[in-house]
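Q: Could you take me through one part of this model up close? I'd like to look at a pocket and the strand that helps to line it.

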Amino acid sequence: MPLEFSAQSKELIDRLLAQYPTKQAALLPVLHVAQDQFGYLPDEALELVAKTLELSPAHVFGVITFYTMFHREKHGRNELMVCTNVSCMLRGGYDILRYIEKKLDIKAGETTPDGAFTIVEEECLAACANAPMMICGNDYFLDLTEKKVDAILDDLRRRWQERQRMESPVDPNRRTLMGVGPGAKT
């Protein structure tokens, strides 16, 4: 059965389309809506976006594979983007990445079995003066040390567990950026 946008997502897409001069110009925000609703962007979601915006599936695929914020596979609720570019590397970025991997018992590109965390190694997160650093959601974590990482992971896990209790039985792997999808509050 093909995927369909929810009524809430369709309404949001209609509002987005009114803000752009062409349907193609609305591609990035509509991809966010799709990812919010489905949790990631499988082939069926790409085809739905392409059909909605009257674009070729190849064009949509090219866009999502360019940007790191779009996911082809399910990601954890807390996506830890760890910078390992030159400035971060010189100030211990790889050490921090390895520490997080050890602490969560997963490697970069993997998700914890409970769906709480995914680690992503990023090329540059544009906070070179405060290296090493990582981003989770809209939060920047700067000048990282192992002690800071411990506190950050403990806090994120605590908040994730609280959301689990509040949102149950919503899929904990769903992330919402545009405020649509199963975890959204209306």
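A: Here is a walk from the pocket to the strand, and then to how confident the predictor is.

Keep in mind that this is a predicted model. The part to look at is the second largest pocket, which holds about 200 Å³ of space. It is lined by 15 residues, and the closest to its centre are T68, F70, H71, R72 and H75. If you sort the lining by class, you get 4 nonpolar, 6 polar and 5 charged residues.

So much for the pocket; now the strand. Which element gives the most to the lining of the second largest pocket? That's strand 2, residues 117-122, with 3 residues. Strand 2 is mostly covered, too: 5 of its 6 residues are buried. Next, find its partner, strand 1, at residues 78-83. The two strands pair in the parallel sense, over 6 bridges. To pick out one bridge by eye, go to C83 and look across to E122 in strand 2, its bridge partner. As a rule, side chains in a regular strand alternate between the two faces of the sheet.

How far does the predictor trust all this? The protein chain has a mean pLDDT of 87, with 89% of its residues at 70 or more. Among the elements, helix 6 (residues 93-104) has the highest mean, 97, and helix 7 (residues 146-167) the lowest, 89. Residues 180-186 are another matter, with pLDDT below 50. Even so, that stretch has 19 contacts in the model beyond near neighbours in sequence.

How values were computed:
Residues numbered from 1 in each chain as written. Predicted model: local features only at pLDDT ≥ 70, side-chain atom pairs only at ≥ 80, totals over all residues. Heavy atoms only, no water. 1 Å grid on protein atoms, 1.4 Å probe; cavity = no way out; pocket = protein on both sides within 12 Å on 5 of 7 lines; lining within 4 Å. Points joined across faces, edges and corners; volume = space filled by probe spheres on them. Helix = DSSP H or I, 4+ residues; strand = E, 2+ residues; numbered from the N terminus. Nonpolar A, V, L, I, M, F, W, Y, C, P; charged D, E, K, R; others polar. pLDDT = per-residue confidence, 0-100. Contact = heavy atoms within 4.5 Å. Buried < 20%, exposed > 50% of the residue type's maximum accessible area, 1.4 Å probe, protein only. Pairing = 2+ DSSP bridges.
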